Amino acid sequence: MTLMRLQRALARAGVTSRRKAEELIRAGRVRVGGQVATLGMSVDPEGQRITVDGRAVRAGPIAWLALNKPVGYVVSRRDPEGRRTVYELLPEVPGLTYVGRLDVMTSGLLLLTTDGAAAHRLMHPRFAVPRTYWLRAHGRSSSELAAVAIDGRTVRVTQFRVRPVGRSVEVELTLAEGRQRIVRRLAEALGLKVEWLHRVAYGPVRLGRLQEGTYRRLAAGEIHAIERLHGPA
């Protein structure tokens, strides 16, 4: 028997994020063994019947995918404007959620998982998980890259390299945060106009030679590296 916090069990089953699971428990919508659940209780997800709004929660195997997202695809299940979504490029996996967005004009590595707790750990600012990007831009010098504040808070740049390419520059940039459109906003603050933007790594996972528009399942070593980032979720 393996006991874990109820909200973690719900997140691992792909029901929702751990924080949203706490809201469901507080609202009395979760039952364990027929009894209304309480926040903070531990459960055996394999041995106990867990329901949300009367529907049984079944913990399937944890899935981890890496997708090389093309430009023009929206990171969403559905798009009200009718644009293509990344889920059109992926297999049908119940509870599959993305780890951090990429805007429609940004390409590169997108992680997806059914492990809601681990997804939370990878995205939460407290854990400062690094993300690495390649971009090409034109404009003024990028020498001030490591000391730019946006919304009153310094962007957490951990390393960068700049090389000239004709009248443009190519930048390899690693950030220890993932605020919305932060790379593009950083470039704008520096007086740079982005020509293209491509994510090449997220935490311990690298894009490598994965072809655009295709996905792969993470190797066991990559999953273990994610689990070791900050201990149990």
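Buried residues account for 45% of the 233 residues in the chain. The model is predicted. Its secondary structure comprises 5 helices and 17 strands. Along the principal axes, the C-alpha atoms fill a box of roughly 65 × 35 × 35 Å. Among contacts with a separation of 6 or more, 63% link residues 24 or more positions apart.

The exposed surface of the chain amounts to about 12,700 Å². Carbon and sulfur atoms supply 48% of that area. The chain carries 39 positive and 21 negative charges. The mean positions of these two sets are 2 Å apart.

Helix 2 spans residues 18–26. Its buried residues are Arg18, Ala21, Leu24 and Ile25. These residues lie on the same side of helix 2 because they cover an arc of only 105 degrees around the axis. Arg19 and Arg26 sit on the other side of helix 2, where both are exposed. Arginine thus occurs in both groups: Arg18 is buried, whereas Arg19 and Arg26 are exposed. The buried residues of helix 2 pack against two helices and two strands. The helices are helix 1 (6–12) and helix 3 (116–123). The strands are strand 2 (30–32) and strand 5 (50–52). Just after helix 2, Gly28 adopts a positive phi of about 75 degrees.

A buried polar residue was examined in a loop. Ser76 belongs to the loop between strand 7 (64–69) and strand 8 (97–99). The relative accessible area of Ser76 is 16%. That value falls under the 20% cut-off, so Ser76 counts as buried. A polar atom of the Ser76 side chain lies 2.7 Å from the backbone oxygen of Arg78. With residues up to four places away in sequence set aside, Ser76 touches Thr85, Val86, Tyr87, Tyr98 and Arg101.

A buried acidic residue was examined in a strand. Glu172 is located in strand 14, which covers residues 168–175. Glu172 counts as buried because its relative accessibility is 16%. The side chain of Glu172 forms a polar contact with the side chain of Arg161, at 2.4 Å. Neighbours within four places in sequence aside, the contacts of Glu172 fall into two stretches of the chain. One holds Thr132, Tyr133 and Trp134. The other holds Gln159, Phe160 and Arg161. Arg161 therefore appears both in the contact list of Glu172 and as the partner in its side-chain polar contact, with Glu172 itself buried at 16% relative accessibility.

Definitions and conventions
Residues numbered from 1 in each chain as written. Predicted model: local features only at pLDDT ≥ 70, side-chain atom pairs only at ≥ 80, totals over all residues. Heavy atoms only, no water. Helix = DSSP H or I, 4+ residues; strand = E, 2+ residues; numbered from the N terminus. Buried < 20%, exposed > 50% of the residue type's maximum accessible area, 1.4 Å probe, protein only. Contact = heavy atoms within 4.5 Å. Areas by Shrake-Rupley, 256 points an atom, 1.4 Å probe, with all protein chains shown as cover. Lys, Arg positive; Asp, Glu negative; His and termini not counted. Charge placed at Lys NZ, Arg CZ, Asp CG, Glu CD. Arc of directions from axis to C-beta. Polar contact = N/O pair within 3.5 Å; in protein donor to acceptor, adjacent residues only side chain to side chain.
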